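Here are my notes on this model, point by point. Please read them with the coordinates open.

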Amino acid sequence: MSPLAIGLLIFVVTCAVLATGMPIAFALGSVALGFMIFMDGWNSVNFVPETFFSGLNDFTLVSLPMFIIMGAAVASSRAGSDLYEALARWLHKVPGSLVISNIGACALFAALTGSSPATCAAIGKMGIPEMRRRGYDADLATGAIAAGGTLGILIPPSITMILYGIASETSIGRLFIAGIIPGLLLTGLFMAWALFLSWKRGTRIVDKDRSYSLKEKLELMPRLLPFLAVIVGVIYALYGGIATPSEAAGVGAMLCLVMVVVIYRLWNAADLWRILRDGLRESGMLMLIIGASILFGYMMSSLQVTQAVAASIGELQVNRWWIMLAINVLLLVAGCFLPPAAIILMTTPILMPILNAAQFDPIWFGVILTINMELGLITPPVGLNLFVINGITPDVRLGTILKGSLPFMLCMVLAILILCVFPELATWLPSKVMG
């Protein structure tokens, strides 16, 4: 069989195994092991332990559990509710103010946690009932939170970008800073749509005569500023040359744990244990997926599939933007069925040679990839954020949530197009800061 035929067979078998519902790490590992034995014989098994271990023997991976614990600590507190309430007070008189406040709260909370489902749950539990009480339509209220929650994997620190950086061997620090301007761009597009739709529908402010004094607007700030200071501190430590990503993540995790204890009085040992337990569980899952994906990539490379695909793409006499369009469609379809971590770790080893041949910047593509992963979080049938929102508001039909999310999906597509036309939006700031 030719390498391309083997690649097609691997694709079909992998899809079939994933469709059984087998955990992703075991599915990738079993497919990789099976093809290695089938194509190269039992002697190839000797390379499995070393390959799997080498994929995890990376000091950068220490940052993963630290950022996860950092996000879990913030998500377990009332920081999300306080953040939402503070923004709602400042933007009270703006048309569509509550939707804009919720999107802004999602963007800031995303920077604190790096988790899209956590952002949806934390902001949505308070924001959606309040928006509906004040006259906002259910589709706009739920769609805004579902889309706003996706910002958790774009605005740094981002676990998704850490995984891409490891898989593509690109600078995680550059990836983090590359996500800042696109993250603000996407937040602005979301807010613009919310403002336009609220104005078009004539959404009225139920308590328009309510006014907040300066004291009321400022009283929640002491609770929020320490968390925001942690984010600024982590970013400064990364780009000021003070600490590596792993060291900065460890300090950030410890500071967040201390602050939820001091500010929100989470003295209960059960609460602290829950934070550490959830962080350990998610970290273990990601580590298994990383190890299995490294083995999967080794299998693809040893069978010459990756090299054959890259060579075939390089020989195509087409404009490189048609190649980028095909890659975006592939990522969008994959995002409908698989979580971001699995897609990144599976596809990056295959896509990197293609991107290099087409002369696309890997840092820029990391941002494009992340926005595609955001789309996958709100597209059926496995749109995780849709189900999180549906769990918060069980009286709202899933179709209504999807209807409200659709315009925000188009905003993401628009953001990808803007980044294709103006790639400097992703590449200028990393070059300016890091040289």
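1. Aromatic pairs. The structure holds 7 aromatic pairs. One of them joins W321 and F360 in an edge-to-face arrangement, with 5.1 Å centre to centre and 70° between the planes. This pair links distant parts of the chain. W321 belongs to helix α17 (residues 320-335). F360 lies in the loop between α18 (340-357) and α19 (362-376). The two are 39 residues apart. Keep in mind throughout that this is a predicted model.

2. A second ring on F360. The rings of F360 and W364 have their centres 5.6 Å apart. Their planes meet at 15°, so this pair is stacked; the cut-off for stacking is under 30 degrees. Ring pairs thus link W321, F360 and W364 into a cluster. F360 takes part in both of the pairs described here, edge-to-face with W321 and stacked with W364.

3. Burial in the cluster. Which members are buried, and which are partly exposed? Both F360 and W364 are buried. F360 has 6% relative accessibility, and buried means under 20%. W321 has 34% relative accessibility, so W321 counts as partly exposed.

4. A charge over the ring. F360 has a further partner in R320. The charged end of R320 sits over the ring of F360, 4.5 Å from its centre. When inspecting F360, view W321, W364 and R320 together.

5. The loop residue before F360. Q359 lies in the loop between α18 and α19. Q359 is not a glycine, yet its phi is positive, about 65°. Is Q359 buried or exposed? Its relative accessible area is 68%, so Q359 is exposed. F360, in that loop too, is buried.

6. The nonpolar core. The largest nonpolar core has 141 residues. Those with the most contacts inside it are I10, F190, M299, W364 and F365. W364 therefore appears both here and in the stacked pair with F360. As background, nonpolar side chains tend to be buried together in soluble globular proteins.

7. Around F190. What does F190 touch, leaving out residues up to four places away in sequence? Its contacts are I103, A147, G148, T150, L151, F408, C411 and M412. Please check these side by side in the viewer.

8. Salt bridges. How many salt bridges are there? The count comes to 3 salt bridges. One is formed by R132 and D395, whose closest N and O atoms are 3.0 Å apart. This pair links distant parts of the chain, 263 residues apart. R132 sits in helix α7 (residues 116-133). D395 lies in the loop between α20 (384-392) and α21 (398-421). R132 is partly exposed at 33%, whereas D395 is exposed at 55%.

9. The pairs within short sequence range. D271 forms a salt bridge with R274, the closest N and O atoms being 2.9 Å apart. Both are in helix α15 (residues 269-302). They are 3 residues apart, so about one helical turn separates them. D271 is partly exposed at 21%, and R274 is partly exposed at 38%. D278 forms a salt bridge with R277, with 3.2 Å between the closest N and O atoms. D278 has a relative accessible area of 31% and is partly exposed. R277 is also partly exposed, at 31%.

10. Helix α14. Does the span of this helix match or contradict its length? Helix α14 (residues 245-264) has 20 residues. At 1.5 Å a residue it should span 28 Å. The end C-alpha atoms are 27 Å apart, which agrees. Its buried residues include S246, G252, C256, L257, M259 and Y264. Also buried in α14 are A248, A249, A253, V260 and V261. Just after α14, R265 takes a positive phi of about 55°.

11. E169. Where does E169 lie? E169 lies in the loop between α9 (159-168) and α10 (172-178). Its phi is positive, near 60°, in a residue other than glycine. E169 has 75% relative accessibility, so E169 counts as exposed. A positive phi is therefore worth viewing at E169, at Q359 and at R265.

Notes:
Residues numbered from 1 in each chain as written. Predicted model: local features only at pLDDT ≥ 70, side-chain atom pairs only at ≥ 80, totals over all residues. Heavy atoms only, no water. Core = buried A, V, L, I, M, F, W, Y, C linked by side-chain atoms within 4.5 Å. Buried < 20%, exposed > 50% of the residue type's maximum accessible area, 1.4 Å probe, protein only. Contact = heavy atoms within 4.5 Å. Phe/Tyr/Trp six-rings, centres within 6.5 Å; stacked < 30°, edge-to-face > 60°. Helix = DSSP H or I, 4+ residues; strand = E, 2+ residues; numbered from the N terminus. Lys NZ or Arg CZ within 6 Å of the ring centre and 35° of its normal. Salt bridge = Lys/Arg side-chain N within 4 Å of Asp/Glu carboxyl O. Expected span 1.5 Å × (residues − 1).
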